[in-house]
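Me: Could you take a close look at one part of this model for me, the largest pocket, and then walk me outward from there? Keep it chatty, please.

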Amino acid sequence: MIRRYTLPEMAAIWSDQARFEQILRVELEVARARAARGLIPPAALAAMESRATIDVDRIAEIERTTDHDIIAFVSQVAESIGPEGRYLHLGLTSSDVVDTGLALQLRAAGSRLLGDADRLIAVLVARARAEADTTMMGRTHSVHAEPTTFGLKVAGWAFEIDRGRHRLAAAVDEIGTGKISGPVGTYSHLDPEIERDVLAALGLHADPVSTQIVQRDRHAALLTAIAILGGSLERIATEIRNLQHTEIGEVQEPFKVGQKGSSAMPHKRNPILAERISGLARLLRGYAQTALEDQPLWHERDISHSSAERVILPDATILLDYMLVRMTTLIEGLVVRSERMRENIARGLGLHASSRVLVALVEKGGVGRDEAYAIVQRAALRAADERAPLRDLLAVDPVVAQKLPLTDLDACFDEATFLRNVHVVIARLDALERRSPEPATESTHVDG
């Protein structure tokens with residue numbers, strides 16, 4: 001992934017140095033398990049534990065000859081150990097250490113993503129509560145519907161991100177699966193007890209029936225969970241972009257001192273964070289599709305998945321990390337223009353009360369539903385065309401005037417009746433309370 005969208009902690013997880021260090025962890029745990037069974041001399045284990053080091057440049061140099069990065073890794077680490085290095089990687093196939101090391105990397109990346117999600121959920125919950133009474137117009141089909149509150153909208157975002165977090169947590173747990181079962185998963189060189197001890201020491205699950213590799217349904221599940229969570233971020237971003245339309249103007253992204261929106265138009269204040277998140281979510285869906293196509297490998301394995309995973313696994317976790325951190329910043333700094341929300345409600349001419357008038361005519365006026373609907377619709381369409389308040393037109397309608405006292409008609413336009421149960425929904429946020437998360441590390445990039 002390009003540096004622009006890479007935060008340092010996640011970058012460190014996916015560096016070449018980190019990759020080979022995780023593979024070395026696996027190698028050393030295998031050596032310990034073998035030494036405990038008298039399969040290698042204690043002095044050899046001591047030498048491996050004290051001298052084994054990673055030299056990424058040397059690995060690359062050897063790989064230019066071997067054209068095989070794990071053989072190059074084994075050769076370089078054996079050089080660093082000395083004569084006892086001959087005990088390294090005995091009885092193992094490359095995928096034993098590659099897939100198990102990858103599981104360690106993915107578990108570390110997943111842990112960071114879950115922390116990111118926790119921070120975003122906490123910010124969303126706080127913002128939802130703060131804006132619980134900030135009344136705005138709800139829209140369906142991009143058309144005014146009935147009043148809601150901005151807090152209720154944000155509360156829905158919080159629960160959706162929480163659902164995505166639960167999916168991601170399950171996938172992260174499952175991806176923490178390794179194997180030390182040999183070339184085709186038959187334990188032909190090392191007994192299953194060694195795998196058990198090694199994976200227990202590493203805190204990983206054991207693939208119950210592996211081939212030469214850990215099966216890729218787990219990786220597909222992880223990338224799909226990442227893509228779905230990215231889609232939830234895009235839904236939030238899309239709503240913010242829509243509400244920042246000049247014609248709506250109900251929210252604005254944070255805009256720092258010195259920031260500029262256009263090289264030509266000084267007045268521009270654009271929703272660049274939301275637009276960026278929307279664009280990056282498309283990449284995540286593409287990575288998920290590739291992961292799904294990595295599942296059907298030939299026989300006990302091929303390496304058609306390998307080249308793709310070198311791209312999609314780091315990139316997907318790096319991007320989601322970036323998107324979660326940026327969305328947290330966006331929500332924290334989002335400018336909510338409650339006065340503009342009020343203006344937009346007023347521009348609606350009271351049309352949002354049409355459903356309550358319909359119900360009142362049926363329940364209190366004894367008018368048939370179809371007749372009541374026709375009366376209210378006729379007045380509503382006229383109000384929109386003539387830019388006249390719906391309440392005023394209904395007040396002089398002969399049927400409405402006969403069937404509904406003005407006090408009952410006015411009650412239909414009482415905003416409080418639409419929002420009387422909002423706090424019941426806001427109270428459900430109690431279920432999302434989590435431990436207080438640590439602040440996310442920020443990057444300095446602000447452009448697209």
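Reply: Here is a tour that begins at the pocket and then moves on to the cavity, the cores, a hairpin and a few loops.

Keep in mind that this is a predicted model. The largest pocket holds about 650 Å³ of space. Its lining has 25 residues, and the ones closest to the centre are Arg19, Asp69, Val98, Ser306 and Arg310. Which helices bring at least two residues each to that lining? They are helix 2 (16-36), helix 5 (69-81), helix 6 (94-130) and helix 11 (304-333). As for chemistry, the lining of the largest pocket is a mix: 8 nonpolar residues, 9 polar and 8 charged.

Let's stop at one of those central residues. Serine 306 sits in helix 11. Is serine 306 buried, exposed or something in between? Its relative accessible area is 21%, and buried would mean under 20%, so serine 306 counts as partly exposed. If you want a landmark for it, take aspartate 294: the two are 12 residues apart along the chain, and their C-alpha atoms are separated by 8.7 Å.

Now for the closed space. Searching the whole structure for cavities of 30 Å³ or more turns up 1. The largest cavity has a volume of about 40 Å³. Its lining is made of Glu27, Val30, Ala31, Arg34, Met48, Tyr87, Leu88, His89, Leu90 and Leu92. Helix 2, which you met at the pocket, gives the most to the lining of this cavity, with 4 residues. By class, you get 7 nonpolar residues, 1 polar and 2 charged around the cavity.

One of the cavity-lining residues, His89, deserves a second glance. Histidine 89 lies in the loop between helix 5 and helix 6. Its phi is near 70°, a positive value, and it isn't a glycine. Most residues other than glycine have a negative phi. With a relative accessibility of 17%, histidine 89 counts as buried.

On to the packing. The largest nonpolar core has 94 residues, and within it Phe150 and Leu168 touch the most other members. Helix 11 is the top contributor to this core, with 13 residues. What does leucine 168 touch, once you leave aside its neighbours within four places in sequence? The contacts are Leu113, Leu114, Leu222, Ala225, Ile226, Leu229 and Leu320. Apart from that core there is another, of 37 residues, including Ile23, Ala31, Ala35 and Ile194. Ala31 should ring a bell, as it also lines the largest cavity.

While you're around helix 2, have a look at alanine 201, which belongs to helix 8 (residues 192-202). Alanine 201 and glutamate 29 are 172 residues apart in sequence, yet C-alpha to C-alpha they are 7.3 Å apart in space. Alanine 201 is partly exposed, at 46% relative accessibility.

Next, the hairpin. Strand 1 (residues 135-140) and strand 2 (residues 143-149) pair in the antiparallel sense over 5 bridges. To get your bearings in the pair, find methionine 136, which stands opposite threonine 148 in strand 2. The two strands make a hairpin with 2 residues between them, and histidine 141 in the turn has a positive phi of about 60°.

Last stop: the loop between helix 12 (338-347) and helix 13 (354-363), where you'll find histidine 352. Not counting residues up to four places away in sequence, histidine 352 touches Met137, Ala145, Glu146, Pro147, Ile345 and Phe418. Some of those names take you back to the hairpin: strand 1 covers residues 135-140 and strand 2 covers residues 143-149. Is histidine 352 buried or exposed? It is buried, with a relative accessible area of 11%.

Leucine 349 is in that loop between helix 12 and helix 13 too. Leucine 349 isn't a glycine, but its phi is positive, at about 65°. Its relative accessible area is 14%, so leucine 349 is buried.

Note on methods:
Residues are numbered from 1 along each chain as its sequence is written. This is a predicted model: local features need pLDDT of at least 70, side-chain atom pairs count only at pLDDT 80 or more; totals for chains, interfaces and linings use all residues. Side-chain values use heavy atoms; hydrogens and water are left out. On a 1 Å grid over the protein atoms alone, a cavity is a set of points where a 1.4 Å probe fits but cannot get out, and a pocket is an open set with protein on both sides within 12 Å along at least five of seven lines; lining residues have an atom within 4 Å of a point. Grid points are joined across faces, edges and corners, and a volume is the space filled by probe spheres set on the points. Ala, Val, Leu, Ile, Met, Phe, Trp, Tyr, Cys and Pro count as nonpolar, Asp, Glu, Lys and Arg as charged, and the others, Gly among them, as polar. Buried means under 20% relative accessible area, exposed over 50%, partly exposed in between (1.4 Å probe, protein chains only). Contact means heavy atoms within 4.5 Å. A nonpolar core is a set of buried Ala, Val, Leu, Ile, Met, Phe, Trp, Tyr and Cys residues joined through side-chain atoms within 4.5 Å. Two strands pair if DSSP finds at least two bridges between them.
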